[in-house]
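Visitor: Could you take me on a close look at one part of this model, the charged side chains and their salt bridges, and then show me what sits around them?

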Amino acid sequence: MKLAVAGVGNNVSALVQGIGYYRRSGADGPLPGVTHPLLGGLRVTDIEVVAAFDLADNKTGRPLSEALFAAPNNYPELDAPPPAEDPEVVPGIADPEDEARIDQVAKILREQEAEVLLYSLPTGLPEVARAYGRAALAAGVAVVNCTPDPMAGLPELRAEAEAKGVPLVGDDLQSHFGSSIVHGSLLALLEERGLTLSGSYQVNMGGNADFENLRTHGEGKQASKHRALRQKVRRTDAVTVIPSAGFVSHLGDRKVAHMSVEARGWADMPVRLDVTLQVQDSSNAAGVIIDLVRIAAVARRRGEGGFPVAATPLLKSPTLVEDPLLQGRHAREALAELSAENDG
């Protein structure tokens, strides 16, 4: 499957290096951290990056294998071979009104026969996200948006994707084992066991460029995290979420999340649970991106335009969600069917 990437940051570094890591270890061996070794007939090792876009001077004009380690990227270097295709990173879209550049991106996507474009630029660039969506749809290429900036949630883009039979997957990935999924599961367990929530909070810290950026562009991420929690429980008005409580440089690409839940049980007696989660932030993203891009590719090969419901559990702000709890159940069934397929 031919993949293009917009934004050569830590998430892409984790994804590309991870594919090489599993390729080196052998597709028939154990695949730690992989939820679906085979999804819609596509293995983890079947993906090649054929085009890469960025704007940083220390990344453009360099092979992808070198740009992956250019500052401010700080994802660890894995013992993995470089990508087989190793395309040169080319300038992407800086000005969303630059129609010539948007056309150029679409042209490159067509020439490289990309099937999916992964959008992974810094949060807080909604017009740029929309421009990349336009370029991909013009080229007939599926899109996966792993940021909170709306793309699949834009009605005009979604309508165009449905009309052209092109998948549009988003918005904002839900990490493999991150604070949103853990926090939501705790709140759901509380609800299931009949306790009454008094209040809860989630505080996140990290040392990568994403956390540094979220200090000034955290509003969209905060709303997206609340939408993720509402896939588990119906109300989050007693829950406080702080996407980036601080940029702590020495953490590097690690993320530390503190979660606290306070409730009342039988006879109004208090219950409190405090949890600390520490993860490699970009590995946590790549473990989900690998499924999202395969879902998008399979949907494109089938000519299924718009939002593929199987992607719902992997996103914080999935589109077309009227009843998040109900759609989540349908989505898990669709994802299980894809995972059970033996050929694409």
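Guide: Here is a walk through the salt bridges first, then the surface charge, the strands and a few backbone oddities. Keep in mind that this is a predicted model.

Let's start with the total: 13 salt bridges turn up in this structure. Side chains of opposite charge can pair when their charged atoms come close. The part I'd zoom in on is the trio Glu262, Arg272 and Asp274. Glu262 pairs with Arg272, and the closest N and O atoms of that salt bridge are 3.6 Å apart. This pair ties together distant parts of the chain, with Glu262 in strand S11 (residues 254–264), Arg272 in strand S12 (residues 270–280), and their positions ten residues apart. Arg272 also makes a salt bridge with Asp274, this time with an N to O distance of 2.9 Å. Because these salt bridges share partners, Glu262, Arg272 and Asp274 end up joined into one network.

How covered is the trio? Glu262 counts as partly exposed, since its relative accessibility is 35%. Asp274 is partly exposed too, with a relative accessible area of 47%. Arg272, the residue that bonds to both, comes out at 53% relative accessibility, so it counts as exposed.

While you're in this area, have a look at the loop that runs between S11 and S12, where you'll find Asp268. Its backbone is worth a glance: Asp268 has a phi near 65 degrees, which is a positive value in a residue that isn't glycine.

Now swing over to helix H3 for another salt bridge. Here the side chains of Lys107 and Glu111 meet, at 2.5 Å from N to O. The two are four residues apart in helix H3, so about one helical turn separates them. Neither end is tucked away: Glu111 has a relative accessible area of 48% and is therefore partly exposed, and Lys107, at 37% relative accessibility, is partly exposed as well.

Helix H3 covers residues 99–111, and Asp103 is in it. Asp103 also belongs to a patch of negative charge on the surface, where it gathers with Asp95, Glu97, Asp98 and Glu127. So what sets these five apart from the acids we've just been through? Residues in such a patch have over 30% relative accessible area and no salt bridge, so the members of this one are acidic side chains without a salt-bridge partner.

Keep going past the helix and you reach the loop between H3 and strand S6 (116–119), which holds Glu113. Like Asp268 it isn't a glycine, yet the phi of Glu113 is positive, near 55 degrees. Glu113 counts as exposed because its relative accessibility is 53%.

For contrast, let's step into the interior. Strand S4 (residues 48–54) has seven of its seven residues buried, so the rest of the structure largely encloses it. It has company along its edges. Strand S1 (residues 2–6) runs parallel to S4, and five bridges join the two. Strand S5 (residues 89–91) is also parallel to S4, held by three bridges. Ala52 in S4 is a handy landmark, as it stands opposite Val5 and has Val89 in S5 as a bridge partner. In a regular strand the side chains alternate between the two faces of the sheet.

Following the chain back from S5, you come to the loop that links helix H2 (64–67) to S5, and Pro72 lies there. The peptide bond from Ala71 to Pro72 is cis, with omega near 10 degrees. A second cis peptide bond goes from Gly170 to Asp171, again with omega near 10 degrees. Asp171 is in the loop between strand S8 (168–169) and helix H6 (179–192).

One last stop, to give you a sense of scale. Ala209 is in helix H7 (residues 209–214), and at 32% relative accessibility it counts as partly exposed. Its C-alpha atom is 31 Å from that of Gly140, and the two residues are 69 apart along the chain.

If you go back to one thing, make it the place we started, where Arg272 pairs with Glu262 and also with Asp274.

How values were computed:
Residues are numbered from 1 along each chain as its sequence is written. This is a predicted model: local features need pLDDT of at least 70, side-chain atom pairs count only at pLDDT 80 or more; totals for chains, interfaces and linings use all residues. Side-chain values use heavy atoms; hydrogens and water are left out. Patches are made of residues with over 30% relative accessible area and no salt bridge: like charges are joined within 9 Å, nonpolar side chains (Val, Leu, Ile, Met, Phe, Trp, Tyr) within 5 Å. Accessible areas come from the Shrake-Rupley method with a 1.4 Å probe; for residues, only the protein chains shown count as cover. A salt bridge is a side-chain nitrogen of Lys or Arg within 4 Å of a carboxyl oxygen of Asp or Glu. Lys and Arg count as positive and Asp and Glu as negative; His and the chain ends are not counted. The place of a charge is taken as NZ of Lys, CZ of Arg, CG of Asp or CD of Glu. Buried means under 20% relative accessible area, exposed over 50%, partly exposed in between (1.4 Å probe, protein chains only). Two strands pair if DSSP finds at least two bridges between them.
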